[in-house]
Amino acid sequence: MRIANREELALAREKSAQAMKAESYRILICAGTGCLAGGSEKIYEKLVQLAKDQGQQVNVTVEFGEGIAHNSDGSCPVNGNCAGIKKSGCHGFCEMGPLVRIEPLGVLYIKVKESDCEEIFNKTILQGQVIERLLYTMNGVAYKAQEDIPFYAKQTRLVLKNCGHIDSEHISEYFAVGGYSALEKALFTMTPEEVVNCIYDSELRGRGGGGFQTGYKWRQVARQKETIRYVVCNGDEGDPGAFMDRSVMEGDPHKMIEGMIIAGYAVGAQEGYIYVRAEYPLAIKRLKIAIAQAEETGLLGENILGSGYSFKLHINRGAGAFVCGEGSALTASIEGERGMPRTKPPRTVEQGLFGKPTVLNNVETYANVPMIINNGAAWYKSIGTEKSPGTKAFAVTGSIKNTGLIEVPMGTTLREIVYEIGGGIKNDKKFKAVQIGGPSGGCLIGTDLDLPLDFDSLKKRGAMIGSGGLVIMDEDTCMVEVARFFMNFTQNESCGKCIPCREGTKRMLELLEEIVAGNGTMEHLDMLEELGTAITDTSLCGLGKSAALPVLSTLRTFRDEYVEHVVDKRCRTGVCKSLCSITIDPAKCKGCSKCARNCPVSAIEGQIRNPYTIDQSKCIKCGACLDNCPFGAISRG
Amino acid sequence: MLDKSYYEKVDEIIAGYGTESRFLIPIIQDVQSEYRYLPPELLKYIADKLHITEAKAYSVATFYENFSFDQKGKYVIKVCDGTACHVRKGTDVLEKLREVLQLKPGQKTTDDMLFTLETVSCLGACGLAPVLTVNDEVHPAMTPDKVIDLISSIMKEEQA
């Protein structure tokens with residue numbers, strides 16, 4: 001099984017590619033977290049069964065290493081009449097799951113059910129017919145080819161290229177699409193300095209939030225006197241509303257592993273650690289499989305491909321602390337300590353994990369590395385903007401039609417993401433704001449729709465790209481309540497080490513809770529601003545420094561809503577229940593009594609066929625009447 | 001006093017890692033996934049084996065959200081309270097669950113030890129918001145009505 005040198009790797013790659021070609025068709029069933037929840041496992045089993053019933057060979061395993069050569073006529077040892085039915089990683093179009101892609105037709109079926117399998121097999125697989133009702137339809141157009149669907153057509157998928165197209169649980173699939181060729185190139189044709197220089201010249205910036213230059217970090221680690229060095233991958237994707245890294249770890253784990261080995265070679269590290277959130281069990285499972293297969297084939301471990309370079313990789317599971325996404329907290333957690341940040345300097349590149357020089361990058365950053373090595377720094381810089389080259393994956397969620405995972409060049413505008421790829425606001429409501437960068441980020445509003453999304457433009461605007469979560473909010477979202485929600489989150493996650501963050505976020509949360517409950521005054525707003533600024537200026541780590549950002553940015557952009565809450569005691573969206581009243585419009589009410597019967601506190605009175613009324617002193621604003629009124633006579637406001 | 005089998009299990013887990021203090025977190029993670037909580041007696045035992053103080057082990061175990069010294073119910077329900085789920089009304093789902101499971105304020109596990117209700121900051125399944133998991137199985141696009149169906153189907157299974 002072990003691949004001992006470059007020649008054998010080339011052979012393994014060729015053999016894998018041939019095996020893929022030998023498949024008369026390929027069915028890729030999305031087995032990302034989203035589609036699995038929709039039942040894609042059953043769809044997979046059913047389709048495998050149907051193929052076997054037809055006497056077809058399913059998913060022939062490819063063997064590598066010594067003793068397994070081509071057939072005497074040079075052809076691939078795999079029989080040409082076999083079927084590839086694969087569980088793939090996330091296709092990104094989570095809203096439409098479970099998703100099934102069929103090659104070579106290139107069709108994507110959406111919202112597939114187990115009961116559709118027989119039809120898919122008999123019509124599409126056996127006869128090549130496309131089943132119209134399973135296609136994605138927009139504005140009356142049914143899209144046959146996946147690549148033509150506007151959601152995909154407007155994207156540039158480089159990091160996510162293989163996600164959804166290969167089976168992430170088999171290394172041969174990664175080989176078939178040219179996997180580990182960048183590692184081979186680095187190990188045999190480049191010196192470690194050349195690798196560092198290539199990444200440095202590409203100006204790749206860290207995808208985890210800060211946007212710090214990756215090559216700069218690598219160069220610093222490579223220059224340290226200490227010879228024991230580590231490579232660490234931050235897979236602790238904790239921002240609520242972000243799942244880019246999860247999809248890469250689940251859908252194309254080898255790409256990230258390859259990036260880590262290249263990083264190790266470049267900076268002279270022999271060991272690497274991947275720190276993954278405990279909330280991502282599937283990502284952990286797929287990474288374990290990928291590491292085991294890479295070890296078995298000799299791409300990890302001693303003397304990789306006979307190059308003399310050795311590299312070991314470990315997985316550490318997180319234990320539910322958001323602050324561990326911060327570099328020094330993350331390394332403390334791997335060391336078995338409380339995950340608390342420490343003061344800097346010394347920086348992680350000087351004294352990181354176990355006190356040794358450490359390269360710390362996130363999943364998406366490492367996944368960028370192989371293609372930069374393969375195609376060169378100049379190629380990479382031709383994508384995106386001048387100061388932020390490359391692409392960025394975003395998780396687009398919230399009140400949007402096409403929820404999912406997308407990848408676009410840096411500098412793409414919010415408008416293109418929301419309206420072209422995202423398909424617009426759910427239920428055709430009005431766009432209100434987008435929360436970017438999670439609880440550490442800020443809010444962008446209607447006038448920002450044409451802002452190019454890259455590290456620097458967002459920083460100027462007082463927001464940050466963060467890890468790439470975009471939560472779209474419509475007119476029904478109360479921005480004050482959203483600010484309270486984020487403050488509640490950071491307050492919970494504050495590690496308690498420094499006072500500004502520990503005490504300050506608690507006081508800010510209390511102020512916001514009072515406002516939402518209808519007990520706020522204008523002074524509350526001033527205090528929020530003062531506290532927020534102090535916390536930003538004086539906290540120890542990134543979590544504290546950015547904790548007040550959502551409040552400060554909404555206070556700036558949605559001040560009128562805050563004022564409404566504290567002065568008029570009104571919440572225009574009806575989200576803050578203490579601030580709204582429910583009323584019955586006498587002109588619309590037919591007096592059917594349904595509301596009175598549904599009211600849990602008997603606050604509604606009236607006589608049949610006459611308009612009913614709500615006793616505001618008894619009403620608990622639960623909205624049971626509102627949901628049940630057949631005439632739309634009841635409203636909240 | 002816990003049964004001898006508990007300590008034997010812990011010995012087995014520790015043997016798989018080693019006795020360096022850096023293995024504390026993975027070891028207690030494995031113990032917790034075995035018993036679905038972290039028996040305090042075992043924490044002291046592990047601390048001794050790793051040559052660290054009990055206080056130190058306790059400080060680590062209490063820092064991380066995932067560790068629990070309380071026994072959990074047979075079904076652990078985690079309701080996602082991430083941004084996407086929050087915007088899509090995840091709170092209504094949580095409130096309904098508290099009502100259906102008849103949990104008093106501050107109570108996490110039902111008296112019959114069948115259900116434990118927790119919130120989690122983000123499950124990363126934002127496309128399916130609002131979501132919850134029952135023993136790690138993801139249930140997408142939840143509504144208060146679907147919560148009632150979910151609980152009653154589990155109850156039915158339990159009675160059968």
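Trainee: In this predicted model, are helix 8 and helix 11 of chain A parallel, perpendicular or oblique to each other?

Mentor: The model is predicted, and in it helix 8 (residues 192-202) and helix 11 (residues 253-267) of chain A pack with their axes 7 Å apart. The angle between them is about 120°. Roughly perpendicular covers 65 to 115 degrees, and roughly antiparallel begins over 145. Helix 8 and helix 11 of chain A are therefore oblique.

Trainee: Which residues of helix 8 of chain A meet helix 11 of chain A, and how does the contact divide by class?

Mentor: From helix 8 of chain A come A:Pro192, A:Val195 and A:Val196, which meet A:Ile262, A:Tyr265 and A:Ala266 of helix 11 of chain A. The crossing of these two helices is left-handed. By class, their contact holds no polar and no charged residues, and 6 nonpolar ones.

Trainee: Why is helix 13 of chain A described as largely enclosed by the rest of the structure?

Mentor: Burial here requires 20 or more other C-beta atoms within 10 Å of a residue's own. The residues of helix 13 of chain A that count as buried are A:Gly327, A:Ser328, A:Ala329, A:Leu330, A:Thr331, A:Ala332, A:Ser333 and A:Ile334. Helix 13 of chain A is largely enclosed because the buried residues number 8 of the 8.

Trainee: Which elements are included in what covers the buried residues of helix 13 of chain A, and from which chains do they come?

Mentor: Chain A contributes strand 8 (230-235), strand 9 (271-276), strand 10 (312-317) and strand 11 (358-362) to this cover. The cover also includes an element of chain B, namely helix 2.

Trainee: How many residues of chain B are in contact with chain A, and what is their division by class?

Mentor: On the chain B side, 33 residues are in contact with 39 residues of chain A. Helix 2 (24-35), helix 4 (54-63), helix 5 (83-87) and strand 4 (137-139) of chain B each supply at least two residues of that side. The division by class is 19 nonpolar, 11 polar and 3 charged.

Trainee: How compact is chain A when judged against the globule rule?

Mentor: Chain A has 25 helices and 20 strands. Its radius of gyration is 27 Å, and the globule rule gives 26 Å for 637 residues. These two values are close, so chain A is as compact as a globular protein of that length.

Trainee: Which peptide bonds are cis at A:Pro104 and B:Pro130, and what are their omega values?

Mentor: A:Pro104 lies in the loop between strand 4 (100-103) and strand 5 (107-109) of chain A, and B:Pro130 is in the loop between strand 2 (115-120) and strand 3 (132-134) of chain B. The cis bond between A:Glu103 and A:Pro104 has omega of about 5°. For the cis bond from B:Ala129 to B:Pro130, omega is near -10°.

Trainee: Is A:Asn427 buried or exposed?

Mentor: A:Asn427 lies in the loop between helix 16 (414-421) and strand 14 (431-436) of chain A, and its phi is positive, near 55°. A residue counts as exposed with 12 or fewer other C-beta atoms within 10 Å. A:Asn427 has 9 such neighbours, so it is exposed.

Trainee: Where is B:Asp136, and is it buried or exposed?

Mentor: B:Asp136 has a positive phi of about 75° although it is not a glycine. This residue is in the loop between strand 3 and strand 4 of chain B. With 11 other C-beta atoms within 10 Å, B:Asp136 is exposed.

Definitions and conventions. Residues numbered from 1 in each chain as written. Chains lettered and ligands numbered in written order. Predicted model: local features only at pLDDT ≥ 70, side-chain atom pairs only at ≥ 80, totals over all residues. Contact = placed C-beta atoms within 7 Å. Helix = DSSP H or I, 4+ residues; strand = E, 2+ residues; numbered from the N terminus. Nonpolar A, V, L, I, M, F, W, Y, C, P; charged D, E, K, R; others polar. Axes fitted to C-alpha atoms, helices over the stretch in contact; angles between N-to-C directions. Parallel < 35°, antiparallel > 145°, perpendicular 65-115°, else oblique. Left-handed = near helix turned anticlockwise from the far one by under 90°. Rg over C-alpha atoms; globule rule 2.2 N^0.38 Å.
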